Amino acid sequence: MVVPLFKIAALALKQMTKPVSKNLLVYASDHPGFRKFCARVGNRYNKFTQALQGRKNVRDLGEDAAVSVGTEALTEVCVVIVASVIVLLEVMRQSVKEETKVRALEEKFQNIGKAIQGLNAQYEELANDLRALRALQVMR
């Protein structure tokens, strides 16, 4: 049941990417400081991707294009962070669940051990009683 929920959450995150990106773009148009930040991110992201393709001496993008690329990159980073947190929380949940199972099994083993000790004590007591009865029988 966890896998479908995880897939649904991943799909929801992908669907939220476009509106978030558009909202960041609108916010960047209204706030010059954030716009500059997005443009810097966009240009660095562009240079990074071009360098991965083996291109050198890459020029900066135009401001609007850089802001657009920057907001998309920031949105993707946010999505990756949220998805990572979801995966981390799921791993932690599974770990706690597994730990609970282990504790339950350890408790069962302890109870079985105590039951065996109790049965051994009963056996010894019965064996002693049997010896005593045999001794009485020999005396008669």
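**Close-up 1. Salt bridges in the predicted model.** Five salt bridges turn up in this structure, which is a predicted model. Opposite charges on side chains can pair up when the charged atoms come close. One of the five joins the side chains of Arg35 and Glu63, with N and O 3.2 Å apart. Arg35 sits in helix H2 and Glu63 in helix H3, so this pair ties together parts that lie 28 residues apart in sequence. How exposed or buried are the two partners? Arg35 counts as buried because its relative accessibility is 18%, under the 20% limit. Glu63, with a relative accessible area of 48%, is partly exposed.

**Close-up 2. Arg35 and a second acidic partner, Asp64.** Arg35 also forms a salt bridge with Asp64, and here the closest N and O atoms are 2.4 Å apart. Arg35 belongs to helix H2 and Asp64 to helix H3, so this pair ties together parts 29 residues apart in sequence. Asp64 is exposed, at 56% relative accessible area. Put the pairs together and you have a salt-bridge network that links Arg35, Glu63 and Asp64.

**Close-up 3. A salt bridge within helix H3.** Arg93 and Glu90 meet through their side chains in a salt bridge, 2.9 Å from N to O. How far apart are they along the helix? They are three residues apart in helix H3, so about one helical turn separates them. Arg93 is partly exposed, with a relative accessible area of 36%. Glu90 is partly exposed as well, at 22% relative accessibility.

**Close-up 4. The largest nonpolar core.** Seven residues make up the largest nonpolar core: Leu24, Ala28, Cys38, Ala39, Ala66, Val67 and Leu74. Helix H1 (2–30), helix H2 (32–52) and H3 are the elements that give two or more residues to this core. Which element gives the largest share? That would be H3, with three residues. Zoom in on Val67 and, leaving out neighbours within four places in sequence, you find contacts with Leu25, Ala28, Arg35, Cys38 and Ala39. Arg35 is thus a contact of Val67 as well as a member of the salt-bridge network with Glu63 and Asp64.

**Close-up 5. Ala66, a core residue in helix H3.** Ala66 is in helix H3 and is one of the residues of the largest nonpolar core. Its relative accessible area is 0%, so Ala66 counts as buried. Beyond residues up to four places away in sequence, Ala66 touches Cys38, Ala39, Gly42, Asn43 and Leu61. Want a distance to check in the viewer? Ala66 and Arg40 are 26 residues apart in sequence, with their C-alpha atoms 7.2 Å apart in space.

**Close-up 6. Thr71 and its surroundings.** Thr71 is another residue of helix H3. Is Thr71 buried or exposed? Thr71 is buried, because its relative accessibility is 0%. Setting aside residues up to four places away in sequence, the residues that Thr71 touches are Ser21, Leu24, Leu25, Ala28 and Cys38. Among these, Leu24, Ala28 and Cys38 belong to the largest nonpolar core.

**Close-up 7. Cys38 and Cys78, two cysteines without a disulfide.** A disulfide is a covalent bond between the sulfur atoms of two cysteines. How many disulfides does the model have? The count is zero. The closest cysteine sulfur to that of Cys38 belongs to Cys78 and is 10 Å away, too far for a bond; the cut-off is 2.5 Å. Seen from the other side, Cys78 is in no disulfide, and its nearest cysteine sulfur is that of Cys38. Cys38 is buried, at 0% relative accessibility, whereas Cys78 is partly exposed, at 45%.

**Close-up 8. A nonpolar patch on the surface.** Val77, Ile81, Val85, Leu88, Leu89 and Met92 make a nonpolar surface patch of about 550 Å². Met92, one of these residues, is found in helix H3, which covers residues 63–139. At 46% relative accessibility, Met92 is partly exposed.

**Close-up 9. Val82 and Lys36.** Val82 has its place in helix H3 and is partly exposed, with a relative accessible area of 39%. Val82 and Lys36 are 46 residues apart along the chain, and 25 Å separates their C-alpha atoms.

Key. Residues are numbered from 1 along each chain as its sequence is written. This is a predicted model: local features need pLDDT of at least 70, side-chain atom pairs count only at pLDDT 80 or more; totals for chains, interfaces and linings use all residues. Side-chain values use heavy atoms; hydrogens and water are left out. Buried means under 20% relative accessible area, exposed over 50%, partly exposed in between (1.4 Å probe, protein chains only). Patches are made of residues with over 30% relative accessible area and no salt bridge: like charges are joined within 9 Å, nonpolar side chains (Val, Leu, Ile, Met, Phe, Trp, Tyr) within 5 Å. Accessible areas come from the Shrake-Rupley method with a 1.4 Å probe; for residues, only the protein chains shown count as cover. A salt bridge is a side-chain nitrogen of Lys or Arg within 4 Å of a carboxyl oxygen of Asp or Glu. Helices (H or I, at least four residues) and strands (E, at least two) are DSSP runs, numbered from the N terminus. Contact means heavy atoms within 4.5 Å. A nonpolar core is a set of buried Ala, Val, Leu, Ile, Met, Phe, Trp, Tyr and Cys residues joined through side-chain atoms within 4.5 Å.
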